[in-house]
Every structure is written in structure tokens, then in C-alpha cells.
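Here is a short tour of a protein model for you to follow on screen. Keep the viewer open as you read.

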Amino acid sequence: MKLVTRSLVAASALAMMTAMPAMAKTFVYCSEASPEGFDPAPYTSGTTFDASAHPVYNRLVEFKKGTTEIEPGLAEAWEVSADGLEYTFKLRQGVKWHSNEIFTPTRDFNADDVIFSYERQGKADHPWNQYIAGVSYEYFNSMEMASLIKEIVKVDDYTVKFVLTRPEAPFMANIAMPFASIISAEYAEALDKAGKREDLNNLPVGTGPFKFVAYQKDAVIRYAKNADYWGDAPMIDDLVFAITPDAAVRLQKLKAGECHLMPFPSPADLETIKADPNLKLDEQAGLNVAYLGYNTTMAPFDNAKVRKALNMAINKQAIIDAVYQGAGQVAKNPIPPTMWSYNDAIVDDPYDPEAAKKILEEEGVKDLSMKIWAMPVQRPYMPNARRAAELMQEDFAKVGVKVEIVTYEWGEYLKKSTEVNRDGAVILGWTGDNGDPDNFMGVLLSCAAAGEGGANRAQWCNEDFSALISQAKQTADVAERTRLYEEAQVIFKDQAPWATLGHSTQYVPMSNKVSGFVMSPLGDFTFEAVDIAE
């Protein structure tokens with residue numbers, strides 16, 4: 001990411017705070033990492049969505065705060081045909097686009113923007129599909145949106161109709177997700193004429209509660225209140241993301257009053273936070289899973305028996321004890337136990353190094369050397385990937401498998417981990433984006449999600465599994481969907497494309513001066529409703 005700041009010269013959030021007008025309310029969020037970009041469509045990281053989709057953009061429909069319920073967004077109403085193949089959206093009128101130093105909008109949000117936002121992702125020949133060389137639309141492709149959406153019809157300037165090729169039960173929840181944020185077609189046209197197409201990803205223009213002001217890479221992002229916001233106006237005037245990768249440093253800043261709220265505290269610090277009279281700590285069960293994903297296209301990981309043996313070599317309870325420190329539980333399924341259709345009847349692979357060693361010998365696996373990729377940042381589902389990797393390294397050594405631990409910068413890690421020829425196994429995880437099981441099993445494990453640039457990091461394609469997932473999406477009967485997803489989890493467990501590691505509890509420490517922050521079951525950090533006591 002290039003430096004895109006024009007008016008920003010301060011290198012820290014604190015410096016910017018002192019430069020603000022005396023009466024302005026500035027809220028500082030100590031974020032855990034840098035965003036990959038500011039166009040939500042090509043990415044899947046919550047870090048990126050917190051910095052782009054949530055403050056800057058809107059979707060046709062939104063998730064009601066603190067829930068997975070759908071409510072109106074840029075569409076104020078909608079109708080669905082009896083056969084489930086046509087969704088007609090009545091668009092909100094009078095919605096203003098942001099402006100910046102290189103763009104002043106001449107019109108309000110309308111149907112052209114909706115069509116542009118979806119077609120640029122779904123049509124390979126669209127002039128904005130490859131506006132950045134090699135860009136891929138991981139969510140759009142993993143959820144098979146291109147084959148799902150037959151056409152988008154502009155009925156009039158404020159009415160659009162999505163015509164689908166098949167019924168899709170999670171369709172409304174899917175389009176509330178960050179990748180479906182609505183982009184200004186007029187802004188894209190202006191960037192094209194100026195020869196600055198890449199600035200769609202660097203200088204975002206949206207309809208959201210905050211306007212993007214400036215970004216200093218790996219240091220700070222600054223936003224300003226959108227005075228023309230169509231929804232409830234933000235309570236704060238200026239929003240600052242102070243990028244602080246180290247959890248201990250984030251906590252120091254929080255205690256010192258240099259930021260007002262932080263994500264992902266170290267489990268070891270929870271009691272200290274609870275004891276601090278100047279802080280408060282929100283918590284809830286996380287809708288997440290952490291996993292070790294094998295590349296199932298590469299030998300010997302293309303053998304399900306080898307994968308099962310490696311899973312049996314991992315002492316998952318030791319990882320929960322040492323890494324999560326009581327703030328998590330062992331995972332046995334690819335979806336969390338708080339999600340409907342969770343198959344609790346499934347029996348987890350036992351921790352049995354001797355049996356694992358025997359299976360590896362029977363499968364002819366000797367002197368195996370492999371890599372385990374460890375994330376460089378904390379995530380909602382994994383407090384310390386490096387420590388988890390070290391524990392697995394010790395476990396695998398006991399069954400004769402030598403492990404090298406590797407890592408990359410977070411954006412590069414996410415990108416490289418999608419490569420088909422990726423070596424070894426990758427530690428990653430997922431926080432649900434919409435409360436639907438398909439968001440885990442379809443997005444992360446279907447055949448459609450495999451391949452270069454896809455979200456299926458295991459490159460696992462099981463036709464029986466994918467058929468069940470596809471069938472489950474095409475019925476609105478929750479009982480039938482539950483049965484199909486439960487059956488799919490049986491196949492997953494038998495074939496073991498992942499070692500499921502853990503589900504974490506979510507904690508959010510903040511100053512006791514903060515009000516209005518609502519934890520999201522989807523792991524989002526949004527600030528349009530927060531306020532700070534004077």
C-alpha cells in the first residue's frame with residue numbers, strides 16, 4: 001500500500017488528537033493490524049473491513065447492531081418472488097456520496113452504483129474487474145455469486161431487480177456482508193479519466209457514517225464524521241485508527257488514555273483489565289473457529305489417513321490451555337457450537353500420538369518435513385498463532401514429523417496462503433460474517449471456493465460435501481438445511497482437510513468513558529454509535 005496521505009503529517013494518533021479543535025470529539029481505536037486496502041470487495045479480513053466497509057460504505061441491507069438480523073440499508077424496502085428467483089429492491093433516495101480532494105459527486109446514490117458494484121466482481125470482462133493486476137474477489141467467487149446472479153435489472157433510477165438462476169436461502173444475509181458494499185460508479189469513472197484507477201483501493205469514497213481522510217501505512221488512519229449521512233449521525237467528530245500490532249502495547253495505550261478501545265487482548269491480561277477501575281470489559285461467545293489447513297493437493301497431505309494421523313498427534317487441549325488460557329474451547333467441527341446445525345454427535349479425533357505414528361508408518365510416510373504457517377497478528381479466533389505453531393511442532397516431533405514454522409506480513413500471508421501450490425499447513429480461522437452455516441462450510445470448504453485466490457485454503461474439493469452444501473442453500477426449510485449441514489460435517493470430519501483447533505471467547509476492553517459500543521456476533525468493530533463522556 002502506498003502512502004496516500006495528503007494533509008496528514010502527524011505520525012501518531014496522539015499528535016492528531018492535539019491538533020483537533022477543542023470542542024471536537026475524537027475517538028481513538030487501537031487496531032491490531034493494517035488494512036490490505038480500502039476497497040472491501042477483494043478481501044476477507046476483518047481488519048480490512050473494520051477500516052473500510054464499516055466506516056466508509058453501506059450495503060443494500062445491513063445487520064441490525066449486535067445481531068445477525070437483516071434491516072434496511074441503502075435499500076429501504078424489498079420484495080421476493082414466490083419462486084425465490086427475483087429480489088426487487090426499492091433504493092433510498094437522497095443519499096449523498098462523500099467527496100475528497102480529487103472528486104466532487106454530481107449526483108446522489110442510485111441504481112447505477114448497485115449494478116456497478118456487483119458486475120465489476122462478477123463479470124471477468126468488466127472494465128473494473130482487474131483494475132488492480134491480479135485482483136480476485138474471494139467472497140464473490142467462493143459463494144458462487146457469478147453463477148447465482150443471472151442479471152441485475154435497472155427498473156428505474158431507484159429500483160433494481162436481482163434475477164437469480166436458483167433459489168438461495170442465505171442470499172439476503174450474504175449481500176449484507178462487507179464484500180457487497182456499494183461503490184460510486186461516478187467516482188470510478190472520474191478515477192479512470194484521471195488515470196488513477198488504483199485509488200479506488202487507496203482513497204475510498206462511500207456513503208457511510210465516516211469519510212476517509214488519510215492513511216499513513218502501518219501507523220494511523222484518520223476519518224471524519226459524515227455530516228450528510230443518511231442514517232443516524234455519528235456521536236463523535238473524528239475517528240482515528242492507531243495501528244498497534246502488539247497486544248501489550250495496545251493495553252498500555254488504553255491504560256494511558258491514548259486510545260479508547262482495543263481489540264483482542266492477551267488472555268493473560270484479562271484479570272488485570274477487570275481490576276482496572278478506569279476500564280471496562282465486554283465479552284461474548286465468539287462465532288468463530290481456528291484451524292490448521294493442510295494443502296490437500298500436495299503429497300502426503302492428499303491422503304486423508306495421513307491428515308487424520310496428524311490431527312491425532314495434536315494435543316488440542318494443551319493449545320487451549322497455553323494459548324487461549326481459559327478463553328476458548330477445543331473445536332471438533334468447522335462451525336462453532338453456537339451456530340445452528342452444529343453436529344454435536346460427531347466424535348473428535350482423539351489425542352493419540354502412538355496411534356498417529358502407526359498410521360503414518362502404515363501409509364509409508366517416513367522422515368516427513370513440513371511447514372506450518374503462523375499468522376503474524378492476533379485474530380478473534382487465535383490469540384497467538386506462533387505459540388500454537390510451536391506446540392504443534394513439538395507434538396509432530398513426537399510422531400517423527402519435522403516442522404519449520406514460517407510467517408509473512410499479514411496481507412502477504414493472506415494472499416500467499418490461497419496459492420494452489422502452497423507448501424505445508426496454514427494456521428487460519430474464521431469469524432462468521434452473517435450467522436449462516438454456509439458462510440463457513442460453503443465459503444471455506446466447497447469445491448467452488450478451492451483454486452487460486454479462493455477462501456478454501458485446504459484446496460479441498462469433495463463432490464459429496466459440496467453437493468450437500470449446494471442443496472442446503474437452495475431450500476428455505478431450516479430443518480432440512482440443518483440435516484444437510486449435519487451430514488456435511490460428518491464428511492468433513494472423516495476427510496479431515498483441517499485440524500480444527502479452537503473456538504475463542506471474545507473480549508473488548510475499553511475506557512469506562514465509552515458508551516454506545518455494541519459487540520457484534522460477527523466480530524465487527526463499528527463506531528458510528530459510540531460516544532465519549534466529557
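The notes below cover confidence, one helix and one residue.

## About the model

This is a predicted model, in which local features need pLDDT of at least 70, side-chain atom pairs count only at pLDDT 80 or more, and totals for chains, interfaces and linings use all residues. Residues are numbered from 1 along each chain as its sequence is written, and side-chain values use heavy atoms, with hydrogens and water left out.

The chain averages a pLDDT (the predictor's confidence in each residue, from 0 to 100) of 94, and 96% of the residues score at least 70. Over residues 1-21, though, the pLDDT is below 50; this stretch has 44 contacts (heavy atoms within 4.5 Å) beyond near neighbours in sequence.

## Helix α4

Take a look at residues 111-122, which form helix α4 (helices are DSSP runs of H or I, at least four residues, numbered from the N terminus). From first C-alpha to last, α4 reaches 17 Å, close to the 16 Å expected at 1.5 Å a residue (1.5 Å times one less than the number of residues). At its N-terminal end, N110 acts as a cap, with a side-chain oxygen 2.9 Å from the backbone nitrogen of D112.

Of the 12 residues in α4, 10 are buried (under 20% relative accessible area, 1.4 Å probe, protein chains only). Among them are V114, I115 and F116. Their cover includes β5 (86-91) and α8 (185-194).

## Residue A356

A356 sits in helix α13, residues 353-362. This residue counts as buried because its relative accessibility is 0%. Leaving out residues up to four places away in sequence, A356 touches A309, M312, A313 and V399.

Conventions. Helices (H or I, at least four residues) and strands (E, at least two) are DSSP runs, numbered from the N terminus. Buried means under 20% relative accessible area, exposed over 50%, partly exposed in between (1.4 Å probe, protein chains only). A polar contact is a pair of N or O atoms within 3.5 Å; within protein, one must be able to donate a hydrogen and the other to accept it, and residues adjacent in sequence count only if both atoms are side-chain atoms.
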